[in-house]
Amino acid sequence: MEFELISPKIIPVLNSLENNMPAKLSFTSLSKDETGLMIEGEASSQEVIAELLHNLKNEDLFEYVVVETISTDSLENNQGFYFTMQCQFKNMGGDDDVSI
């Protein structure tokens, strides 16, 4: 992960990811910009990816969560699925600053 400074705002995000991550799923990359979080990972099935999507959509931290890609192309022996997911942060205050 490449976070410039560890902001106290990142702690709830990381806790949410940990608490909502199903078994048989792992993150290979997390990156952020001003408005959201990009997750790349591997999962044993498409159902596991759907479970993560469902769990994160129910969190109060994100305005929306969408799976951008699912493939087997980058995995050895095609055992499982590689995915990318975009999560847009909700505005966490009265101002326009949603960055973490």
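Begin by selecting C87: discounting residues up to four places away in sequence, C87 touches T35, G36, L37, I39, L56, F62, Y64 and V65, where contact means heavy atoms within 4.5 Å. The model on display is predicted, with local features requiring pLDDT of at least 70, side-chain atom pairs counted only at pLDDT 80 or more, and totals for chains, interfaces and linings taken over all residues. Residues are numbered from 1 along each chain as its sequence is written, and side-chain values use heavy atoms, leaving out hydrogens and water.

Next, add I39, L56, F83 and M85 to the selection. Together with C87, these residues touch the most other members of the largest nonpolar core, which has 20 residues. Such a core is a set of buried Ala, Val, Leu, Ile, Met, Phe, Trp, Tyr and Cys residues joined through side-chain atoms within 4.5 Å; buried means under 20% relative accessible area, exposed over 50%, and partly exposed in between, using a 1.4 Å probe and protein chains only. At least two residues of this core come from each of α1 (10-20), β1 (25-32), β2 (36-43), α2 (46-57), β3 (62-71) and β4 (81-89). Helix α2 supplies the largest share, five residues. In soluble globular proteins, nonpolar side chains tend to be buried together.

Now colour the chain by secondary structure. Two helices and four strands appear, in the sequence pattern α-β-β-α-β-β. Helices (H or I, at least four residues) and strands (E, at least two) are DSSP runs, numbered from the N terminus.

Move to L17, in helix α1. L17 is buried, at a relative accessible area of 3%. Excluding residues up to four places away in sequence, L17 touches F27, L30, L37, I39 and L56. A distance drawn between the C-alpha atoms of L17 and L52 gives 8.9 Å, although the two are 35 residues apart along the chain.

Then select K24, in the loop between α1 and β1. K24 has a phi near 65°, a positive value in a residue other than glycine. Most residues other than glycine have a negative phi. K24 is exposed, at 66% relative accessibility.

Continue to β1 and β2, which form a hairpin with three residues between them. These strands run antiparallel and are joined by seven bridges; two strands pair if DSSP finds at least two bridges between them. To view one bridge, select S26 and its partner E42 in β2.

Finally, display the whole chain. Of its 100 residues, 36% are buried. Among contacts between residues at least 6 apart in sequence, 57% join residues at least 24 apart.
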